[in-house]
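Please study the sequence and the three-dimensional structure shown here before attempting the exercises. Each exercise consists of a task followed by a worked solution.

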Amino acid sequence: MRTALLACGAVFCCCAVLAWHPGAAQAKSAGLDGTERKVVKLVNRIRARHGLRRLRASRTLAHAASDHTGDMLRAGYLSHCSSDGTPMATRVRRYTGARWVGENIAITSRRRGVARQVVRMWMASPPHRAVLLSPKSRRIGVGRERGLLGGAARSVFTVDFASSH
């Protein structure tokens, strides 16, 4: 009887955890790797602390972010504009028809704890913090790639945000 109660309790706890964190499965279905999912989780935790709604991971925004990260590494630059000069809003809207879009980018040489590091950097920067905490934002896409930038190995992040429409 005691074993049956423990088993039922364990199943209940697992179901409660899955119900409490539905974004984890959704972020995985958006094609994000573990570090990228961690960024989404940290962003949503911070937004919740500020009374803002959670963001939904978006496969199309993840593609926009990944493509931009790859472009920056291939062309050897760090900017919100594309290597061909396309402004961020125009570039991101090619992937989504959202009225409002925003973007944060980051670069780090660290290999461990990079998700936490880049989110902290954004929160410490007023313009990046404003994008991360925008009440207009409903969706998020993360692109991260490791490569050479400025002659050194770096992790480059692009996080694209968008309104629902």
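**Exercise 1: Two salt bridges**

With a relative accessibility of 27%, D33 counts as partly exposed, where buried means under 20% relative accessible area, exposed over 50%, and partly exposed in between (1.4 Å probe, protein chains only). The model is predicted: local features need pLDDT of at least 70, side-chain atom pairs count only at pLDDT 80 or more, and totals for chains, interfaces and linings use all residues. Residues are numbered from 1 along each chain as its sequence is written, and side-chain values use heavy atoms, with hydrogens and water left out.

*Task.* State how many salt bridges the structure holds, and describe the residues that form them.

*Solution.*
Step 1. The structure holds 2 salt bridges; a salt bridge is a side-chain nitrogen of Lys or Arg within 4 Å of a carboxyl oxygen of Asp or Glu. Side chains of opposite charge can pair when their charged atoms come close.

Step 2. The side chain of D33 meets that of R144 in a salt bridge, at 2.7 Å from N to O. D33 lies in the loop between α2 (22-29) and α3, while R144 belongs to strand β3, so the pair ties together parts that are 111 residues apart in sequence. Helices (H or I, at least four residues) and strands (E, at least two) are DSSP runs, numbered from the N terminus. R144 is partly exposed, its relative accessible area being 25%.

Step 3. The other pair is R91 and E103, whose closest N and O atoms are 2.7 Å apart. R91 lies in helix α5 (residues 88-93) and E103 in strand β2, so this pair ties together parts that are 12 residues apart in sequence. R91 counts as buried at 6% relative accessibility, and E103 is buried with a relative accessible area of 4%.

**Exercise 2: The sheet and its helices**

*Task.* Determine the order of the strands in the sheet, and identify which strands helix α3 touches and which strands helix α6 touches.

*Solution.*
Step 1. The protein chain has 7 helices and 4 strands. From the N terminus on, its elements run α-α-α-β-α-α-β-α-α-β-β.

Step 2. The open sheet of 4 strands has the order β1-β3-β4-β2, with mixed pairing; two strands pair if DSSP finds at least two bridges between them. β1 (56-57) and β2 (101-108) stand at the edges, each with a single partner strand, so one side of each is left without a neighbour in the sheet.

Step 3. β2 and strand β4 (residues 152-162) run antiparallel and are joined by 8 bridges. Within this pairing, G102 stands opposite F161 in β4.

Step 4. Helix α3 (residues 34-49) packs on the sheet and touches β3 (139-149) and β4; its direction makes about 135 degrees with that of β3. Contact means heavy atoms within 4.5 Å. Axes are lines fitted to C-alpha atoms, for helices over the stretch in contact, and angles run from 0 to 180 degrees between N-to-C directions.

Step 5. Helix α6 (residues 114-124) also packs on the sheet, where it touches β2 and β4, and its direction makes about 120 degrees with that of β2.

**Exercise 3: The nonpolar core**

*Task.* Which residues have the most contacts inside the largest nonpolar core, and which element gives the largest share of this core?

*Solution.*
Step 1. The largest nonpolar core has 25 residues, and V39, V119 and W122 have the most contacts inside it. A nonpolar core is a set of buried Ala, Val, Leu, Ile, Met, Phe, Trp, Tyr and Cys residues joined through side-chain atoms within 4.5 Å.

Step 2. Two or more residues of this core come from each of α3, α6, α7, β3 and β4. The largest share, 6 residues, comes from α6.

Step 3. The buried residues of α6 are V114, A115, Q117, V118, V119, W122 and M123. They pack against α3, β2, α7 (126-132) and β4.

Step 4. Leaving aside neighbours within four places in sequence, W122 is in contact with several residues, including V39, I105, L132, F157 and V159.

**Exercise 4: Two buried serines**

*Task.* Are S134 and S163 buried or exposed, and how many Å apart are they in space?

*Solution.*
Step 1. S134 lies in the loop between α7 and β3 and counts as buried at 8% relative accessibility.

Step 2. S163 is placed in the segment after β4 and counts as buried at 9% relative accessibility.

Step 3. The two residues are 29 residues apart in sequence and 9.6 Å apart in space, C-alpha to C-alpha.

Step 4. Not counting residues up to four places away in sequence, S134 touches R47 and W100. By the same rule, the residues that S163 touches include W100 and R138.
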